[in-house]
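User: Hi! I've got a structure open and would like to walk through some side chains with you. Can I just fire off questions?

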Amino acid sequence: MIGQVQRTGVVKDQTTGEALIGVTVAIKGTSEGTMTDVDGNFSIVTLDHSELEFSYIGYQNVVVKVGVQTVFTIALHSESQGLGEVVITALGIKKEKQALGYAVQDFDGKNLEKVKESNAISSLTGKVAGLNIKNSGDLFQNPDVSLRGAKPLIVIDGIPDRTADIWRVNSDDIENISVLKGATASALYGSVGRSGAIMITTKKGKEGRLTVSVNNSTMFQTSFLRVPNRQTTYGNGNQGKYAYIDGTGGGTEGGGWIWGPKLDQVDPSTASGYFETPQYNSEIDPATGQLIPLPFLSRGKNNVENFFRTGLIQSNNVSIDWGSNKASFRISLSNQYQKGIVPNTDLNNTSFALGGSLTPTDKFTISSNLTYNRQFTDNFPEVGYGPTNYLYNLLLWTGTDVDIRDLKDYWRPGQEGVQQRHYNISYYNNPYFQAYEYLRGYNKNNLFGNFNLNYEFAPGISFKSIGGINYYGLDRTYKEPKSYIGYGAKSRGNYTIEGENYFDITTDFGFRVDRDILSRLRLTGEIAYSRYRRNWNKLTSATDGLNIAGYYNLANNAGPTIISSNREEKEGINSFYGFVDLAFDQTYFLSLTGRNDKVSTLPTAANSFFYPSVASSIVVSNIVSMPSWIDFAKIRGSWARVSEGRIGSNPYNHIQGYEQGTTWDGIPSTYFGNSLLSSNLKPETSDTWEIGTYMRFFKNRFSFDIAYYQTKDFNNLIYMPLSLGTGYENNLINGDEFKRKGLEIVLEGSPIKNENFEWNAAINLSTYRKYLTELAEGRTQTDKYIKKGDRVDGMYITKYQYDKEGNVIYENGYPVADPYSRFIGHSDADWTFGLTNTLKYKNVVLSFTFDGRIGGMMFSQTNQKMWWGGVDPGTVNQFRDDANNGLNTYIAKGVKVVSGQVEYDSNGNIVSDTRVFEANDVAVNYNAFMQTTSNNAEKNYHYYKQDFIKLRDLSLTYQLQPKLLEKTAFSSMSFSLIGTNLWMASKIKNIDPDSGKDALQTPTMRSIGFNINAKF
């Protein structure tokens, strides 16, 4: 380009004078740059008005205005000697990382620009120690997010998002994400910060020339990462028999089971040469009026693959930003479109963000951000086990004698709009009928933003004012066609509409001090008042059947009245908070915080409470002589107390009153609540302490961070049973106590770094446990059979009885159920881990992340139902053939009782056992046995270890050299090949254990595509 001049120079360590190899030299505001060679030298071509930014691991960044200078000597300060890294903490306050007495982990927004998950939070999977994200393969479903075993607060630009809508912030608008781990880090937010916080900071205009950025990511969901493998040997029916009658499921239709005859059986006596039987698509013989038998063939071997389609995730963003030392602005328009793998499902997510700042004087700053976001779809899939689930109808309860492609014409001829066409119209839904007629609409408009004002009226003393709003309006529609099946109930057609509105406003104002009070002692403090108000309402109206099929309007109600309900909630919190940070000699740091909330959601006697916290850190490397290979070392510790401001999710649970009852013949009724509230209820409270250390080694090439924490949860609210003579069922009291503890380890480093090649890696490890430490008086165990000292993630189920050698006990050939619930395993993983690697060779960058979990058990409903329904490949055997021929040949492995009995105490412990056993020798019908047991004894009741490792994401990027763009309008451009969910290893068959639960979720898909990122 015209005016470009070559600049050269050398970069050195400020203290030692040694040349620094591999320092990144970037033209600020662009993606152009270079690195220093083995002698610390660099060469780069820039315009005179450009700025060069020098960055190196373990050193403070330096920005230099170029001007007409052509030769530079740059000295970088080690972070252990200067202010160090700066992170975003509670209330959006920037603090030096070395000063923090608690664990914080940062995530650069640049890592979100290429590989796009459906929401920004899912992109953090495996990248933050202690943050456990369990992702679902279903469209538009929130991941299960927990931080140290609890749900964290979402904060956007310093304003808490109590709606926790993770879909409304576009990845391209995120500058940084800071994860504040534990209550100490987020105590200034009060009760909503009880479990830590995920701080999202959005992008702002940067000082420099006007920049236009365009970013496109397109990914195709082309193949299954894990899909259920089903048998294709047997078809619909029961006990080896099947003949279609009328679709009601009775008689020879087999009750909806997939325990029918063998498919593809050769039968020379038929015209087709195969066994023939009447089927749902048989024609009627005009002479006899009977259904004409058809060959019973495995037409639907690929039903799952044939039904699902190639999905698409496409993200587009255009942004404009500019800034000077007096003002800045940024405008961004984004859209993400997801085409679901289920036909006729999709999701649109569009955002428009506007932000800016103004600095009229050195003492006065104003900034503001406003984002409008819309999420909308005409239909997205229903989740959970049941008739609304596609796999329920497609995988479990449709034999491969049915070709799913034949069901695309989903109305019965002559009964269009009234009766769906399917092999069974009493128990199951045609998946295409479900996709195109059972529609769930969603239209949500979000508006959120903030306003910040800061005025320094005296040296180091300023006034601040912060305001933030969160608003959404949500419209939902549910269109249920006639003949839709829900567990045997055939719909007359229904239409439901929901309207929901939410608004909250937070206003803070106070005073801040930031000044040196002694030559080596710095004081930073703040005292402020905060006011929070929330208003939410919802109105639901539904028909009681439809007069005209397919006409979805409340006026088309077939019933006597419209079924309607509405609800409104209001909530308020008034707070005072403050903090004092002391830093002595950049070595000793102490932070004290306090907040008092007065809430509207607890009884008056307990609705005001105080949250204190204290945190400290010491830079040991500044006061103790360290080996030459240790560059920096600090120790830290903290403690906090935070209370819960509600009783459950209902803001009115602290009020005893009448509840809405059943409406009879249009006349409403009420009833008084069944629960009595204790007169001296206290808010649920958590005390948390944490210790840790952070170190850097080998000229700051490697770092190590470890944190250990414990949390005591007390005053927990529990319902204690009462005598029915009191008029109540239970009493709400403060009771059980719990202890949470965990360990988090973060290793980061650059094993290789030279002029041409750089390898950066990060490893995250964490483990978490929660124990019951105290029980309320009168309790020996919780409702989930947890006793004092037990882990609370213990799972108890109904198992079979066993002898002392561990053999299952049978009676009449079937297992005998244990009368008491028994322990099967723990659900929490032993370890959660993530490994991220970035390899850069000249202009090519390869980045990929592996993550997973080790340990923990989960129940697989998919596998259990596949055995129960007869579709698991394990059900293909000689015993099944025998059962189809009327023979009882299956003898389960185990023992039977020939004499004696067993006695238990009230806790299920055996107190007397005189039973005598012999090997089980009773033969039973194999099909009936599996329909009764789901093969539980052989499959550990379908509880499996959820260990897995997954290649979560990968990107291969080529950054075009500046010389190639000299004659174009672009200042930088990159092309990337990207992918997510590319590979997985797990011992659980048929499902992806990522979500930590299995309720017949949509199979996880591999996503492969490309990214184009350009600036001009």
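User: Let's begin with Tyr372: is it buried, partly exposed or exposed?

Analyst: Tyr372 counts as partly exposed, because its relative accessibility is 35%. One thing to keep in mind throughout is that this is a predicted model.

User: Good to know. Where does Tyr372 sit?

Analyst: Tyr372 belongs to strand E23, which covers residues 364-377.

User: And which residues does Tyr372 touch, leaving out those up to four places away in sequence?

Analyst: Tyr372 touches Thr350, Ser351 and Phe352, along with Asn445, Asn446 and Leu447. With Asn445 there is also a polar contact between the two side chains, at 2.4 Å. As for Leu447, its C-alpha atom is 4.7 Å from that of Tyr372, although the two are 75 residues apart along the chain.

User: Nice. Now Ser616, what element is that in?

Analyst: Ser616 is part of strand E30, residues 608-619. Ser616 counts as partly exposed because its relative accessibility is 29%.

User: What does Ser616 touch, again not counting residues up to four places away?

Analyst: The contacts of Ser616 are Gly101, Phe589, Leu590, Ile635, Arg636 and Gly637. Its side chain reaches the backbone oxygen of Phe589 at 2.9 Å.

User: How far apart are the C-alpha atoms of Ser616 and Gly101?

Analyst: They are separated by 4.5 Å, with the two positions 515 residues apart along the chain.

User: Switching to charges. How many salt bridges are there?

Analyst: The count comes to 44 salt bridges. One of them joins Lys181 and Glu744, whose closest N and O atoms are 3.8 Å apart. Lys181 is in the loop between strand E15 (174-180) and helix H1 (183-186), while Glu744 is in strand E39 (residues 737-753), so this pair ties together parts that are 563 residues apart in sequence.

User: Are those two buried or exposed?

Analyst: Lys181 is buried, with a relative accessible area of 3%. Glu744 counts as buried as well, at 3% relative accessibility.

User: Which residues are linked with Lys181 in a network of salt bridges?

Analyst: The network links Lys181 with Arg148, Arg636, Glu690, Asp705 and Glu744. You have met Arg636 already, as one of the residues that Ser616 touches.

User: What about Arg168, which residue does it form a salt bridge with?

Analyst: Arg168 pairs with Asp161, and their closest N and O atoms are 3.0 Å apart. Arg168 is buried, with a relative accessible area of 1%, and Asp161 counts as buried at 2% relative accessibility.

User: And Lys204 with Asp157, what is the N to O distance in that salt bridge?

Analyst: The side chains of Lys204 and Asp157 meet at 3.4 Å, N to O. The pair links distant parts of the chain, 47 residues apart. Lys204 is in the loop between strand E16 (197-202) and strand E17 (208-224), and Asp157 is in the loop between strand E13 (153-156) and strand E14 (159-161).

User: Which of those two is buried, and which is partly exposed?

Analyst: Asp157 counts as buried, at 15% relative accessibility. Lys204 counts as partly exposed, at 35%.

User: On to the surface. Which residues form the nonpolar patch?

Analyst: The patch is made up of Phe220, Val844, Leu956, Tyr958, Leu964, Phe975, Leu977, Phe1010 and Ile1012, and together they have about 760 Å² of accessible area.

User: Which strands each supply at least two residues of the patch?

Analyst: Those are strand E53 (948-959), strand E54 (972-986) and strand E55 (1005-1015). Another patch residue, Val844, lies in strand E46 (residues 844-854). Val844 is partly exposed, with a relative accessible area of 32%.

User: Last topic, backbone angles. What is phi for Ser483?

Analyst: Ser483 has a positive phi of about 80 degrees, although it is not a glycine. Most residues other than glycine have a negative phi. Ser483 is in strand E25 (residues 461-486) and counts as buried, at 1% relative accessibility.

User: And where is Gln239, and what is its phi near?

Analyst: Gln239 is in the loop between E17 and strand E18 (276-277). Its phi is near 55 degrees, again a positive value in a residue other than glycine. Gln239 is partly exposed, with a relative accessible area of 23%.

How values were computed. Residues are numbered from 1 along each chain as its sequence is written. This is a predicted model: local features need pLDDT of at least 70, side-chain atom pairs count only at pLDDT 80 or more; totals for chains, interfaces and linings use all residues. Side-chain values use heavy atoms; hydrogens and water are left out. A salt bridge is a side-chain nitrogen of Lys or Arg within 4 Å of a carboxyl oxygen of Asp or Glu. Helices (H or I, at least four residues) and strands (E, at least two) are DSSP runs, numbered from the N terminus. Buried means under 20% relative accessible area, exposed over 50%, partly exposed in between (1.4 Å probe, protein chains only). Contact means heavy atoms within 4.5 Å. A polar contact is a pair of N or O atoms within 3.5 Å; within protein, one must be able to donate a hydrogen and the other to accept it, and residues adjacent in sequence count only if both atoms are side-chain atoms. Patches are made of residues with over 30% relative accessible area and no salt bridge: like charges are joined within 9 Å, nonpolar side chains (Val, Leu, Ile, Met, Phe, Trp, Tyr) within 5 Å. Accessible areas come from the Shrake-Rupley method with a 1.4 Å probe; for residues, only the protein chains shown count as cover.
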